Every structure is written in structure tokens, then in C-alpha cells.
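The following questions and answers introduce a protein chain to a reader who has not met it before. Please view the sequence and the structure first.

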Amino acid sequence: MNKLIIIFLIAVAAVFASCSKNEPLNPEDSQYVYVCTSNSAKTYHTDRNCSRLKNCGQEVLEVTRKKARENERIICSDCDKRDKKSDKDTAK
Ligand SMILES: [Zn+2]
């Protein structure tokens, strides 16, 4: 009986260990970004109100940054600049 409990606990621990390995190490990867579903769009945006995103004639989807990168999207240059600026501001 006790052995079963120990085996069960080891199994639970193993499941937790494997789960945590699958989690993104980079917090940026789980951040939500916005992509235009237009075929010509090659970028993703960190700001929902980005002026370039407003030019998207198609639907705008909210996806993780990881997903956007998997779809070979690169960060919009405007959003990139904005992010870097805010990083600098908060770094103080
Ligand atoms: Zn943008």
C-alpha cells in the first residue's frame, strides 16, 4: 500500500517536472502580440493600437509572440522602437 503511494508521488513529480520543461523559458514568448491575417503582412505588433496595424484590411489576431515567430513574423519596426524606448525608460 505504501509503495503504491510512493510510486504515485514519483509519477506526479515526474509529470510536474516534464511540464515545467515545456514551459517557455523566455517570458517574451508567452507575451501576446497582434498579427494582421492579411497574406502580405509579415510582421507582428506589440501594441494593439499601432498605426500600421490599423492599415490592416483583414482580421487582427491576438497570438503569443512565440506563435508569431513560428509563423515567420518579425516585429513591426514601429513597435520595436516603442518597446526599446519603454525598456530604457523602465530600466532606471
Ligand atoms: Zn506595429
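**Fold, sheet and core**

Q: Which pattern does the protein chain follow when read along the sequence?
A: This is a predicted model, and its protein chain has four helices and four strands. Read along the sequence, these elements follow the pattern α-β-β-α-β-α-β-α.

Q: In which element of the protein chain is confidence lowest, and in which is it highest?
A: The mean pLDDT of the protein chain is 86, and 88% of its residues reach 70 or more. Where pLDDT is low, the predicted coordinates should not be read in detail. Confidence is lowest in helix α1 (residues 2–22), at a mean of 77, and highest, at 97, in strand β2 (residues 43–45).

Q: Which strands are the edge strands of the sheet?
A: The four strands form an open sheet with mixed pairing, in the order β3-β1-β2-β4. An edge strand pairs on one side only, which is the case for β3 (60–64) and β4 (74–75).

Q: Over how many bridges does β1 pair with β3?
A: In the order of the sheet, β1 stands between β3 and β2. A hairpin of six residues joins β1 to β2, and these two strands pair in the antiparallel sense over two bridges. With β3, the pairing of β1 is also antiparallel, and one bridge there links Tyr32 to Thr64. The number of bridges between β1 and β3 is five.

Q: Which strand gives the largest share of the largest nonpolar core?
A: The largest nonpolar core has nine residues, among them Val33, Tyr34, Val35 and Cys36. The largest share of this core is four residues, and it comes from strand β1 (residues 32–36).

Q: How many of the residues of β1 are buried?
A: Of the 92 residues of the protein chain, 14% count as buried. Strand β1, by contrast, is mostly covered. The number of buried residues in β1 is four of its five.

Q: Which residue in β2 stands opposite Val35?
A: Val35 touches Ala41, Tyr44, Leu61, Val63, Ala68 and Arg73, leaving aside residues up to four places away in sequence. Val35 and Tyr44 both belong to the largest nonpolar core. The residue opposite Val35 in β2 is Tyr44.

Q: What share of the contacts with a separation of 6 or more joins residues 24 or more positions apart?
A: The contacts considered here are those in the protein chain with a separation of 6 or more. Among these contacts, the share from residues 24 or more positions apart is 67%.

How values were computed. Residues are numbered from 1 along each chain as its sequence is written. This is a predicted model: local features need pLDDT of at least 70, side-chain atom pairs count only at pLDDT 80 or more; totals for chains, interfaces and linings use all residues. pLDDT is the predictor's confidence in each residue, from 0 to 100. A nonpolar core is a set of buried Ala, Val, Leu, Ile, Met, Phe, Trp, Tyr and Cys residues joined through C-beta atoms within 7 Å. A residue is buried if 20 or more other C-beta atoms lie within 10 Å of its own, exposed if 12 or fewer, and partly exposed in between; C-beta atoms are placed from the backbone. Two residues are in contact if their C-beta atoms, placed from the backbone, lie within 7 Å. Two strands pair if DSSP finds at least two bridges between them.
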